[in-house]
Amino acid sequence: MAGIMEGKKGIIFGVANDHSMAWGIAKILHEQGAEVALNYMGDVMEKRVRPLGESINAPVIMPANVQDDASLDAFFAEVEKKFGKIDFLLHAVAFSNKEELSGLYVEKTTRENFKNTMDISVYSFCDLCRRASKIMNEGGSCLTLTYLGGEYYIPNYNVMGVAKAALDASVRYLASDLGNKGIRVNAISAGPIKTLAASGIDDFTLMQKWNCYNTFLGRNMSLEDVSKTGLYMLSDLSSGVTGEVLHCDCGYHAQGMVNIDHIRESGELLIQFEDRLDKKD
Ligand code: NAD
């Protein structure tokens, strides 16, 4: 049976290794018949990304840094040469100085890192959408990855939370601008998953445990969860969806207060939590 992405081609920015959300999505798109072009950042990343790309027969595997216009020009020229037109773009790119993803936002944030974080994590989506839309078929889909820290305060997320708020707003402006070309623009707001980028956030493991307690599904997210939602958002299955920030977080975003009876079932984790809270007293 033909896959739902048969004949579709597109660009994926943000594979670093096989834990990357971008990789999970690239793999499922390929399994469903799509051809993908992958970028990587520098020689160190190439060692991981090239074999992954080759395993899914990616026709383009090239360096591209979202802060370097020449590298983007070369990347998009190669994509156009190989693919002609494209059908989708995934932006799974974020960066901030690790030092500033810990402690108090008011004390830690520098002008230099604020600007750099916004440039890499927010402006790049606008830039990639502009470039991609010039070679995108009508009905195409652009997707970014965001996090709840752009809607609510999350400890240590700091300047990245402010960047995600701007990214969420960008989705709506880009959806309006590209809507008249029949191009959709959306975001997935994913629950926490251990990746290279996530390891830069202080106390990430605690964040995951907290999440596990506070989701309706009583578990953490998997790469497969995000990948399947990515497939939906980048395929025609979501043809009527645009300007949307879709939460894929096992229900965390909708929970006002956890049902204590559900927590008690995960006794061991609860004890670890109480320990931690005692130490904080
Ligand atoms: P990851 O480290 O696998 O991916 C981040 C990617 O950004 C890397 O491939 C890196 O090379 C790329 N990147 C950084 N600076 C770049 C630049 N200047 N030019 C080009 N690429 C650059 O981590 P991930 O968790 O898969 O992150 C992907 C996206 O998902 C990010 O936007 C992240 O904020 C978002 N997200 C992650 C989580 C999570 O818990 N892991 C949750 C919600 C949203």
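The largest pocket is lined by 41 residues, and Ala-92, Val-93, Ala-94, Phe-95 and Ala-197 lie nearest its centre. A pocket here is an open set of points on a 1 Å grid over the protein atoms alone, with protein on both sides within 12 Å along at least five of seven lines. Lining residues have an atom within 4 Å of a point. Elements giving two or more residues to this lining are α1 (21-31), β2 (35-40), β5 (136-146), α6 (158-179) and α7 (204-213). Helices (H or I, at least four residues) and strands (E, at least two) are DSSP runs, numbered from the N terminus.

This is a predicted model, in which local features need pLDDT of at least 70, side-chain atom pairs count only at pLDDT 80 or more, and totals for chains, interfaces and linings use all residues. Residues are numbered from 1 along each chain as its sequence is written, and side-chain values use heavy atoms, with hydrogens and water left out.

The largest pocket holds about 1,100 Å³ of space. A volume is the space filled by probe spheres set on the grid points, which are joined across faces, edges and corners. By residue type, the pocket lining splits into 29 nonpolar, ten polar and two charged. Nonpolar covers Ala, Val, Leu, Ile, Met, Phe, Trp, Tyr, Cys and Pro; charged covers Asp, Glu, Lys and Arg; the others, Gly among them, are polar.

**The ligand**

The ligand is surrounded by 27 residues. Ser-20, Asn-65, Lys-164, Ile-193 and Thr-195 are the closest. A residue counts as near if one of its heavy atoms lies within 4 Å of the molecule. Three polar contacts of the ligand are listed below. A polar contact is a pair of N or O atoms within 3.5 Å; within protein, one must be able to donate a hydrogen and the other to accept it, and residues adjacent in sequence count only if both atoms are side-chain atoms.

| Ligand atom | Protein partner | Distance |
|---|---|---|
| Nitrogen | Val-66, polar backbone atom | 2.9 Å |
| Oxygen | Lys-164, side-chain N or O atom | 2.8 Å |
| Oxygen | Thr-195, side-chain N or O atom | 2.5 Å |

**The cavity**

A cavity is a set of grid points where a 1.4 Å probe fits but cannot get out. The count comes to one cavity of 30 Å³ or more. The largest cavity has a volume of about 50 Å³. Its lining consists of Tyr-147, Leu-148, Ser-189, Ala-190, Gly-191, Pro-192, Asn-211, His-247, Asp-249 and Tyr-252. Five of these lining residues are nonpolar, four are polar and one is charged.

**Met-207**

Met-207 sits in helix α7. Met-207 counts as buried because its relative accessibility is 12%. Buried means under 20% relative accessible area, exposed over 50%, and partly exposed in between (1.4 Å probe, protein chains only). Leaving out residues up to four places away in sequence, Met-207 touches Tyr-147, Ile-154, Pro-155, Pro-192 and Ile-201. Contact means heavy atoms within 4.5 Å. Tyr-147 and Pro-192 also appear in the lining of the largest cavity. Met-45 lies 162 residues from Met-207 in sequence and 27 Å from it in space, C-alpha to C-alpha.

**Asn-186**

Asn-186 belongs to strand β6 (residues 184-190). At 0% relative accessibility, Asn-186 is buried. Its side chain makes two polar contacts with backbone atoms: a polar atom lies 2.9 Å from the backbone oxygen of Val-241, and the side chain reaches the backbone nitrogen of Glu-244 at 2.9 Å. Apart from neighbours within four places in sequence, Asn-186 has contacts including Phe-125, Cys-142, Leu-143, Thr-144, Val-171 and Met-233.

**Two asparagines with positive phi**

Asn-156 lies in the loop between β5 and α6. Phi of Asn-156 is near 75 degrees, a positive value in a residue other than glycine. Asn-156 is buried, at 11% relative accessible area. Asn-158 lies in helix α6. Asn-158 has a positive phi of about 45 degrees, and it is not a glycine either. Its relative accessibility is 9%, so Asn-158 counts as buried.

**Two loop residues**

Leu-196 is in the loop between β6 and α7. Neighbours within four places aside, Leu-196 is in contact with Ala-16, Asn-17 and Met-45. Asn-17 is 179 residues away along the chain, yet the two C-alpha atoms are separated by 8.2 Å.

Ala-254 is in the loop between β7 (245-248) and α9 (260-264). Ala-254 is partly exposed, with a relative accessible area of 46%. Its C-alpha atom is 9.6 Å from that of Asn-214, which is 40 residues away along the chain.
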